[in-house]
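Please look over the model shown below before reading on. The turns that follow take up a few of its strands and loops, step by step.

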Amino acid sequence: MRFLGVSPVAIVLVGVLLSLVAHDASGKSTSPLDTTEVRCWREDLAFLRGEMPARHANLFHAMTRAQFDSALQSIERVLPHVARHQVVVELQRLAALVGDGHTNVSPWRDTSAVFQQLPVALYWFEDGLFVRAAAMDQVTLLGARVLQIGGVPVKEALARVRPLVSRDNEMGVRAWAPILLTMPEVLHAVGLSTDAARATFVLETSKGRREVAVSAAGRFPLLTGETDLTWLKRPGWIDARERAPDPLWLSDPQNKYWYRYLPGTRSLYCQLNAVQQKPEDSLRVFFARAITSADSAGAERFILDLRLNGGGDGSWNRDIVRSLIKSRYDSPGRLVVITGRRTWSAAQMLINELENLADVVFVGEPSASRGNVYGDSKKIVLPNSRLTVRVSSLYWQQSDPRDTREFIPVTVPAPLRFADYAAGRDPALDAAERVGEAKK
């Protein structure tokens, strides 16, 4: 059903935003836009209305032009009643509506967004949403399971931020929803808080159920680059694995690529954290050296870990694939690739090629993309707000055109549970090291 040509989604959006303003806590950070700001945002929206269809490879591959226009009109309609951060969040929703991960508005890597960070870092483990790390003054929250946010059950809280996540599949939601839930502006915009600088959580701790109110602890740190660096331990914060040894996959995330021989299981472990070249050590030379080292040690399997790899330049994948398929590890049970929710973009292109050309076993959890997908982001910088909107400029078809799989399924599932993380255990690597054992 439609009302006056406006979609039901647009009607709900207007109602949500207006209700948030009506119940908003007073303060500068949540004050409605003034007349000049409203005019500037209208100009930005008009600019976006022309630029997104012009620069995207096919903006209407998952939505109609009417839906796009309706979403823009809905944002424009509420501009006099909302604060700046609410406009940014609605632009996230608009970008996510397009239906591909490379079309996005990402406050975590945009200096113009100026969003804040609550003093907790959350992660969606296999057994629930947990406080993975916390600022030192919130150390008692470390390791707690999140039950509610803003009086809403965690399942509903995740559902409220899900429409803000630009993604190629649901693994993108698992990756980014917990991050959005630590931004107080986002919580306020989706009705999980009445204050854009504070939030209330209900947690399950070792001492029982507990309700806590937390305030913003500074600007949200920029997450730029292709490698997932969210696991790095932050100054002034404490991590749940503080007293445990670093698992191998988190031991050197800032190193683009490296390897180590694991004599206990006769495996060569190779971590590729970005599809990028080191000036002093090309990917072609590096993989040739890694394979030679594996051969010299008598390795039984080559394990390639892509869990922290969010992409780079896919043109370099050819050198990687050639090295692997020419080696003795391109045989049953010898080539193992570990993937996860942050394996995306050029890293996804790499596993697509390996699935097509090599005898490979995938371990871990599914990647964040698929064989046929829109990619290669191009930036649109809005003229007044300077906010960056990214759009996909190319369509990549690496699988059969009839392949509708949302991701390449893992052969050996090995999800991460909170207790394993806190203890420094790595179920995915443990599983990878066992691949092929039954054939001995």
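Two strands count as paired if DSSP finds at least two bridges between them. The model discussed here is predicted.

Q: In E11, which residue is the bridge partner of aspartate 305?
A: Strand E10, which covers residues 301-305, runs parallel to strand E11, residues 335-339, and four bridges join the two. Within this pairing, the partner that aspartate 305 finds in E11 is isoleucine 338.

Q: In E10, which residue is the bridge partner of serine 267?
A: Strand E9, spanning residues 267-272, is parallel to E10 and is joined to it by five bridges. E9 and E10 also belong, together with helix H8 (residues 283-297), to a right-handed β-α-β unit. In the E9 pairing, serine 267 has as its partner in E10 arginine 301.

Q: How many of the five residues of strand E10 are buried?
A: Arg301, Ile303 and Asp305 point one way from E10, while Phe302 and Leu304 point the other way, and all are buried. The strand is therefore mostly covered, because buried means under 20% relative accessible area, and the number of its residues that are buried is five.

Q: Does serine 345 count as buried or exposed, and why?
A: Serine 345, in the loop between E11 and helix H10 (346-357), has a positive phi of about 55° although it is not a glycine. Its relative accessibility is 18%, and because buried means under 20%, serine 345 counts as buried.

How values were computed:
Residues numbered from 1 in each chain as written. Predicted model: local features only at pLDDT ≥ 70, side-chain atom pairs only at ≥ 80, totals over all residues. Heavy atoms only, no water. Buried < 20%, exposed > 50% of the residue type's maximum accessible area, 1.4 Å probe, protein only. Right-handed = clockwise from strand over helix to strand, strands pointing away.
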